[in-house]
Amino acid sequence: MSTYADDFPADVPDLDELVRCERSGGSAPIVTLTIQRPEVMNCLSFPTLKRLRRLFAELAQDLSVRAIVITGAGDKAFCAGADLKERKTMPLERVPAFVLNIRRTMDDLANLPQPTIGAINGVAFGGGTELLLACDLRVAAPHAQLGLTETSLAIIPGAGGTQRLPRLIGRARAKELILTARRIDAQEAERIGLVNRIAPAGRLMETALELAQQIAENGPVAVRAAKAAIDHGCEEPMAQALETEARCYQRVLPTSDRLEALAAFAEKRKPRFEGR
């Protein structure tokens, strides 16, 4: 069976230091992933993509994790997109593999069973905005800026931007942002629905982790099932989507967590969910 590593040229290193992975939350773990390249605005290089994809593959199998927050190091950039200096010196024959992996990185993130939150600590352009679009929720610092700027470089968003953005904010608004390559601030991003909330100044990670904790306190099987119902159902006609919802509902019926929730309600106490 092939793995994510099979998509990379053999000489691309797998470096832990490019993305830090931290756990918090005790019995209801929350994982924070931090891209560690502030000197280049946390750009996505070949090795950074490999590290992200390895982490996503591991997290997809670790259902003890209740929620995932992804951010960038420093306070200037979440991620400024693809590493253009690397691309400039990249042999032409390697470019297709890079494009494949940046697209699959976003798909791996979007397909994680756990809810994901992008914490936007600065600029997020090009592939950085596409990384955020692959998250379920987005929290921005007041000084954050976003934009799919690829047309200004004579290319198009190629890692899901032309598809995920219109599904999130509507086709006309997405066309305006993509065709003009316009950058927008956090306030406009929140107004059009690209960002869920703006954190108070200096409290971005606290706000993102508070949101993650609110999710983590709920039944984890139910949270994953609800995410799947929304993600798959919203791409289907209503009748088919309601069948998708019914199948997802069936996943929670035999769980111990559902019985625990009923018992906790009857006993007037907080439920203790175990994810089974």
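The following exercises, each with a worked solution, concern a predicted model.

**Exercise 1. The nonpolar cores**

Identify which residues of the largest nonpolar core touch the most other members, and which helix gives the largest share of this core.

*Solution.*
Step 1. The largest nonpolar core holds 53 residues, and those that touch the most other members are L33, I120, L146, L165 and L194.
Step 2. Helix α3, residues 95-110, provides the largest share of this core, with seven residues.
Step 3. Apart from this core there is a second, separate one of 16 residues, with A28, V139, L204 and A212 among them.
Step 4. As a general tendency, nonpolar side chains in soluble globular proteins are buried together.

**Exercise 2. The surroundings of L165**

List the residues that L165 touches, leaving out those up to four places away in sequence.

*Solution.*
Step 1. Once residues up to four places away in sequence are set aside, the contacts of L165 include L133, L148 and G160.
Step 2. The list continues with G170, A174, L177, I178 and L194.
Step 3. L194 also appears with L165 among the core residues that touch the most other members.

**Exercise 3. The position of T71**

Decide whether T71 is buried or exposed, and state which side chain it joins through a polar contact.

*Solution.*
Step 1. T71 is part of strand β3, which covers residues 67-72.
Step 2. The relative accessibility of T71 is 4%; buried means under 20%, so T71 counts as buried.
Step 3. The side chain of T71 is joined to that of N121 by a polar contact of 3.2 Å.
Step 4. Not counting residues up to four places away in sequence, T71 touches L33, T34, I35, F78, A119, N121 and M205.

**Exercise 4. The largest pocket**

Describe the volume and the lining of the largest pocket.

*Solution.*
Step 1. The volume of the largest pocket is about 900 Å³.
Step 2. Its lining consists of 27 residues, of which A110, D136, K227, I230 and D231 are the closest to the centre.
Step 3. Two or more lining residues come from each of β7 (137-140), α5 (161-169) and α9 (220-233).
Step 4. Helix α9 gives the most, namely eight residues.
Step 5. By class, the lining has 14 nonpolar, four polar and nine charged residues.

**Exercise 5. The second largest pocket**

State which residues lie closest to the centre of the second largest pocket, and which element gives the largest share of its lining.

*Solution.*
Step 1. This pocket has a volume of about 500 Å³.
Step 2. Among its 22 lining residues, A82, L84, E150, L153 and I155 are the closest to the centre.
Step 3. The elements giving two or more residues to this lining are α2 (84-89), α3 and α4 (127-133).
Step 4. The largest share, four residues, belongs to α3.
Step 5. The lining comprises 12 nonpolar, five polar and five charged residues.

Methods: Residues numbered from 1 in each chain as written. Predicted model: local features only at pLDDT ≥ 70, side-chain atom pairs only at ≥ 80, totals over all residues. Heavy atoms only, no water. Core = buried A, V, L, I, M, F, W, Y, C linked by side-chain atoms within 4.5 Å. Buried < 20%, exposed > 50% of the residue type's maximum accessible area, 1.4 Å probe, protein only. Contact = heavy atoms within 4.5 Å. Polar contact = N/O pair within 3.5 Å; in protein donor to acceptor, adjacent residues only side chain to side chain. 1 Å grid on protein atoms, 1.4 Å probe; cavity = no way out; pocket = protein on both sides within 12 Å on 5 of 7 lines; lining within 4 Å. Points joined across faces, edges and corners; volume = space filled by probe spheres on them. Nonpolar A, V, L, I, M, F, W, Y, C, P; charged D, E, K, R; others polar.
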